[in-house]
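Colleague: I would like to go through this model and ask on what grounds each label is given.

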Amino acid sequence: MTSSTPHALRGLAACGLLSLSAAAQPPAPAGAGLGPGALAPLLEEVSPDALIATVRSLENFGTRHTLSETESDTRGIGAARRWLLREFQAIGGGLQPSLETFDVPPGVRLPQGATVVNVVAVLPGTMPAAAQRAYYVVGHYDSRNADVMDATGDAPGANDDASGTALVLELARLLASRPLESTVVFLCTAGEEQGLLGARAHALNLTGEKAWRLCMVLSNDIVGDPVPGPAVDGLSAWPGDLTTTPDLRAAAEGPDPRRVVRVFSEGIPRNPSAAELARLRTLAAESDSPSRQLARFIADVALTERLLVQPMPVFRPDRFLRGGDHTPFNEAGHAAVRFTTLHEDYSRQHADVVQRGGKPYGDTAEFVDAPYLADVARLNLAALVHLANAPTPPANVRILTAGLSPNTTLRWSPSPEPDVAGYEVVWRDTTQWQWAHSLDVGDRTEVTLPINKDNVYFGLRAYDRDGFRSPVTFAGAAER
Ligand SMILES: [Zn+2]
């Protein structure tokens with residue numbers, strides 16, 4: 001597998017690594033001075049009209065199948081990616097767009113192998129100590145119909161995944177003139193339907209000089225079509241009262257699936273070493289991976305910003321036995337989550353565009369709900385602003401185990417950014433999904449609390465002078 005190195009990724013990685021010790025550098029203003037809980041003016045700029053216009057433009061290429069033709073200017077994946085690149089280039093600002101080309105060898109859904117081309121745009125971070133962290137927003141611009149190998153028939157892919165691609169482009173448009181403290185990468189992948197090829201090639205190439213110090217991924221795949229769940233045998237999708245998560249049930253059962261989006265996160269990291277797996281078992285950390293902390297973080301942001309669409313965390317890697325573009329990032333050891341509508345309509349997704357018995361089939365733009373897609377975009381935008389302006393999650397967070405005590409002593413390494421103002425210890429009952437309590441312990445690297453470590457899970461997050469909080473680092477254990 002070969003790749004052409006995106007210049008932006010290469011340059012950034014180099015300058016970010018050098019700047020890690022530049023702690024005296026004052027932080028640059030970020031996010032247009034918008035603080036946590038006050039992002040509404042920015043979020044209101046998300047345009048449903050622009051989003052649906054992008055979906056329609058992508059649909060108009062007929063098919064964006066990864067093996068479709070690349071010479072035409074009006075049909076096929078080549079025309080689509082050149083159009084996308086021009087859209088990113090037209091945004092201007094600090095955005096650095098490029099095409100990223102990979103030669104992928106033959107595979108199950110790629111009998112001859114293929115050249116897979118991602119469209120990527122990098123927005124460098126403004127704070128030297130934070131610019132070597134990258135937060136990704138991802139959508140796949142390739143499409144398919146009922147036959148995954150049909151490279152010529154129509155495959156409009158409006159919801160799957162022109163919706164996610166449009167979201168990525170819209171967020172680039174809104175952030176390009178307002179760079180954040182950390183780097184944001186806008187990634188439109190190809191080859192998703194042929195086996196997550198573009199995302200995997202990108203994730204596997206984040207090594208050496210291109211390695212980010214921290215990389216977290218928000219993948220949006222099927223985020224525009226909030227159809228109600230079907231009734232089966234007269235039963236609604238949520239018939240019982242046995243759920244132990246009434247808050248989620250209330251959100252999901254509400255009259256309007258346009259108020260919720262699923263956020264999938266892995267629990268056990270995808271490729272742990274034997275030692276890491278043993279550590280997770282010892283700590284009972286099977287629901288505390290970095291991806292899961294990212295999902296909890298997104299839920300926190302949605303509440304803080306009082307967003308109309310709230311995330312419904314689903315604590316599994318993806319839909320049942322399935323995968324998406326976040327999966328290769330998980331495989332490479334990065335925190336990555338997937339956004340998808342509450343219900344999926346399989347008469348549209350991956351379906352041929354036909355009429356049967358008066359019912360339309362196929363994944364066309366008429367079924368994309370632009371206001372809903374805009375609300376999912378707002379959730380992503382708010383999460384990116386919080387992630388990229390907050391400090392790095394604290395490192396080496398551990399519960400000291402040198403002696404038995406009913407108290408709990410936590411110790412950690414400070415986060416590297418110069419605007420770190422302090423730390424919050426968080427904890428929750430072992431049966432709770434979200435961090436339930438937080439305590440501001442100020443700017444220090446150790447604290448002892450009169451709370452029994454046997455009965456709760458502990459974590460720690462850093463906050464900066466503007467009040468942006470990092471995702472939580474789960475507390476491990478060490479003698480010192
Ligand atoms: Zn998809």
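The turns below take up the labels and the values behind them.

Colleague: What kind of model is this, and how are residues numbered?

Modeller: This is a predicted model, in which local features need pLDDT of at least 70 and side-chain atom pairs count only at pLDDT 80 or more, while totals for chains, interfaces and linings use all residues. Residues are numbered from 1 along each chain as its sequence is written.

Colleague: How many helices and strands are there, and what makes a run of residues count as one?

Modeller: The protein has 11 helices and 18 strands. Both are DSSP runs numbered from the N terminus: helices are H or I with at least four residues, strands are E with at least two.

Colleague: Why is helix 11 called largely enclosed?

Modeller: A residue is buried if 20 or more other C-beta atoms, placed from the backbone, lie within 10 Å of its own, exposed if 12 or fewer do, and partly exposed in between. In helix 11, 18 of the 20 residues are buried, so the rest of the structure largely encloses that helix. For the protein, buried residues make up 51% of the 480 residues.

Colleague: What span is expected of helix 11?

Modeller: The expected span is 1.5 Å times one less than the number of residues. With 20 residues, helix 11 is expected to reach 28 Å, and its span from first C-alpha to last, 28 Å, is close to that.

Colleague: Why is helix 3 called roughly perpendicular to helix 11?

Modeller: The axes of helix 3 (residues 48–59) and helix 11 (residues 370–389) come within 8 Å and cross at roughly 105°. Helix 3 is therefore roughly perpendicular to helix 11. The label covers 65 to 115 degrees; angles under 35 count as roughly parallel, over 145 as roughly antiparallel, and the rest as oblique. Axes are lines fitted to C-alpha atoms, for helices over the stretch in contact, and angles run from 0 to 180 degrees between N-to-C directions.

Colleague: Which residues of the two helices meet?

Modeller: Pro48, Asp49, Leu51 and Ile52 of helix 3 meet Ala370, Pro371, Leu373, Ala374 and Ala377 of helix 11. The residues of this contact divide into 8 nonpolar, no polar and 1 charged. Here a contact requires C-beta atoms, placed from the backbone, within 7 Å. Nonpolar covers Ala, Val, Leu, Ile, Met, Phe, Trp, Tyr, Cys and Pro; charged covers Asp, Glu, Lys and Arg; the others, Gly among them, are polar.

Colleague: What are the edge strands of the 4-strand sheet?

Modeller: This open sheet has the order 15-12-11-18, with mixed pairing. Its edge strands are strand 15 (446–449) and strand 18 (476–478), each pairing on one side only. Two strands pair if DSSP finds at least two bridges between them. Strand 12 (residues 408–413) and strand 15 run antiparallel, joined by 4 bridges. Strand 11 and strand 18 pair in the parallel sense over 3 bridges.

Colleague: How are the strands of the 8-strand sheet ordered, and which helices pack on that sheet?

Modeller: The order is 1-2-4-3-5-8-6-7 in an open sheet with mixed pairing. Its edge strands are strand 1 (96–104) and strand 7 (310–314). Strand 5 (residues 214–220) runs parallel to strand 8, with 5 bridges joining them. Helix 5 packs on the sheet, and its direction makes about 140° with that of strand 3. Helix 6 also packs on the sheet, at about 60° to the direction of strand 2.

Colleague: What makes the phi of leucine 196 worth a remark, and is that residue buried or exposed?

Modeller: Phi of leucine 196 is near 60°, a positive value in a residue other than glycine. Leucine 196 is in the loop between strand 4 (183–189) and helix 6 (197–204). It has 21 other C-beta atoms within 10 Å, so leucine 196 is buried.

Colleague: Why does histidine 350 get another label for exposure?

Modeller: Histidine 350 has 18 C-beta neighbours inside 10 Å and therefore counts as partly exposed. Its phi is positive, about 55°, although histidine 350 is not a glycine.

Colleague: What is the level of exposure of arginine 428, and where does arginine 428 lie?

Modeller: Arginine 428 lies in strand 13 (residues 420–429). With 17 other C-beta atoms within 10 Å, arginine 428 is partly exposed.
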